[in-house]
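Please look through the sequence and the predicted model shown below, and keep both in view while reading. The paragraphs that follow go from one part of the structure to the next.

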Amino acid sequence: MRTDFGIHMKGGVITERDADFCTIRIRAPAGIFSVEQLRGIAKIAKKYGTGTVHCTTRQTLEIPHVNHVLLKKIEKALAKNETPVGSERDEIVNIIACPGVERCKFANIDTISLAQKIDKKLFGKEMPVKMRIALSGCPNACTSPMLNEIGVIGRVRPLRTPGLCTGCGTCVQYCKEKAIVIRNGISELKEDKCVQCGVCIQSCHFDLLKAEHRHFLITVGGRRGRHPKIGRELLTVETEEQVIFIIQKIVDWVYRRAWSGRLLSEQLDELHFEKFRQDIIAQGMPDTNDNSAKKPSL
Ligand code: SF4
Ligand code: SF4
Ligand code: SF4
């Protein structure tokens, strides 16, 4: 039977050690599957693979050991199951997200719905370098957004209701960063230590701490793997639409200006990062802050 090279070239089709076999990676924005889709994947894995499914680090599933002559058929079966073939080459790969406000008590943003919106707009776009996007609902950063080419972190600034603090110290106990101290009988924030997680806001029994500024921190240029690198803070924005707008600008910049064969993190080195930031801002942003988040206040 003739091999279909068109399918073989898809990013989600990964040739194994034995070149007659491929692993098929599935598109799964935010790693969400319905039980019906999971049943379908199980059936497909049994029919075309060896009856096993592998969970990947990017919140998706892959079906190992599919003979290359079956690629066209498995592609069709996966599309019918609404779990199409994913991507893994120099393109925008599976977008990952933590549970966010849907389930996590620490979350400041709706990561899953935002990841799904970003996926709809950008998944699979061919790029000069591989682009990974990860979203976390708070600075705990469970999906390691700063180790991705683009990271998004939900944050919030705590604001004290002036004059009413009893100095009870409960918020001090809750802050893991030691960013709150009691001085002269009232709470005081050490701004340089606050990571804007918002945990202290829930802790005050007198409801004196309010969420002043819920926002999205966007980071750029991180990566895992052979030469891991922490991404840098690019800017903060206030709405999902602004996040999508800025990510699109970053992707456009990388598409036009980055060159193949070198990591994006290397291309955005010390010299080039500020120029890159200015390029992104200069393209005309909607109403956003133009640098790192403002300092919180208590
Ligand atoms: S990053 Fe924050 S919001 Fe997301 S799962 Fe972790 S603790 Fe929860
Ligand atoms: S928002 Fe800042 S002050 Fe409050 S718990 Fe988090 S780090 Fe501490
Ligand atoms: S802000 Fe609330 S929890 Fe913190 S010391 Fe004041 S009264 Fe207590």
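A good place to begin is ligand 1, whose surroundings consist of Cys98, Pro99, Gly100, Cys104, Phe106, Ala107, Ser136, Gly137, Cys138, Asn140, Ala141 and Cys142. Sorted by class, this shell comprises eight nonpolar and four polar residues, and it has no charged residues. One of the residues around ligand 1, Ala141, deserves a second look, since it has a positive phi of about 55° although it is not a glycine. Ala141 is placed in the loop between S6 and S7, and it counts as partly exposed because it has 18 C-beta neighbours inside 10 Å.

The two strands on either side of that loop lead to a sheet. Five strands make up this open sheet, and they follow the order S5-S6-S7-S12-S13, with mixed pairing. At its edges are strand S5 (96-97) and strand S13 (232-237), each of which pairs on one side only. Within the sheet, strand S6 (residues 133-136) and S7 run parallel and are joined by four bridges, and here Ala134 stands opposite Gly151 in S7. S7 is also joined to strand S12 (residues 215-220), this time by six bridges, and these two strands run antiparallel. Two of the residue pairs can be picked out in the model: Val152 has Ile218 as its bridge partner in S12, while Gly154 has Phe216 as its bridge partner in S12.

Is strand S7 enclosed by the rest of the structure or left open to the outside? Six of the six residues of strand S7 (residues 150-155) are buried, and therefore the strand is largely enclosed by the rest of the structure. The burial applies to both of its faces, for Ile150, Val152 and Gly154 are buried on one side, and Gly151, Ile153 and Arg155 are buried on the other.

Helix H7 offers a different kind of check, one that sets a length against an expectation. The helix has 18 residues (residues 240-257), which at 1.5 Å a residue should span 26 Å, and its end C-alpha atoms are 26 Å apart, so the two values agree. The buried residues of H7 are Gln242, Val243, Ile246, Ile247, Ile250, Val251 and Val254. In reading such a list it helps to remember that an α-helix has 3.6 residues a turn, so residues three or four places apart point the same way.

Two further ligands remain to be visited. Ligand 2 is surrounded by 14 residues, of which the closest are Cys175, Ala179, Cys194, Cys197 and Cys200, and by class its shell holds eleven nonpolar, two polar and one charged residues. Around ligand 3 there are 14 residues, and those that come nearest are Cys165, Cys168, Thr170, Cys171 and Cys204; the shell of ligand 3 divides into seven nonpolar, six polar and one charged.

Another residue with an unexpected backbone angle is Asn184, which has a positive phi of about 55° although it is not a glycine. Asn184 lies in the loop between strand S9 (180-183) and strand S10 (186-189), and because it has 6 C-beta neighbours inside 10 Å, it counts as exposed.

How is the chain divided into domains? The domain assignment gives domain 1 (5-80), domain 2 (96-156 + 214-282) and domain 3 (159-206). Between domain 1 and domain 2, the C-alpha centres lie 26 Å apart, and seven residues of domain 1 are in contact with seven residues of domain 2. On the side of domain 1 that touches domain 2, the residues divide into three nonpolar, two polar and two charged.

Finally, it is worth stepping back to view the chain as a whole. Its secondary structure comes to nine helices and 13 strands, and its C-alpha trace spans about 80 × 45 × 30 Å along the principal axes. Of the 298 residues in the chain, 39% are buried. Among contacts between residues at least 6 apart in sequence, 67% join residues that are at least 24 apart.

How values were computed:
Residues are numbered from 1 along each chain as its sequence is written. Chains are lettered from A and ligands numbered from 1 in the order in which they are written. This is a predicted model: local features need pLDDT of at least 70, side-chain atom pairs count only at pLDDT 80 or more; totals for chains, interfaces and linings use all residues. A residue is near a molecule or strand if its C-beta atom, placed from the backbone, lies within 6 Å of it. Ala, Val, Leu, Ile, Met, Phe, Trp, Tyr, Cys and Pro count as nonpolar, Asp, Glu, Lys and Arg as charged, and the others, Gly among them, as polar. A residue is buried if 20 or more other C-beta atoms lie within 10 Å of its own, exposed if 12 or fewer, and partly exposed in between; C-beta atoms are placed from the backbone. Two strands pair if DSSP finds at least two bridges between them. The expected span of a helix is 1.5 Å times one less than its number of residues. Domain bounds come from an automatic or database domain assignment. Two residues are in contact if their C-beta atoms, placed from the backbone, lie within 7 Å.
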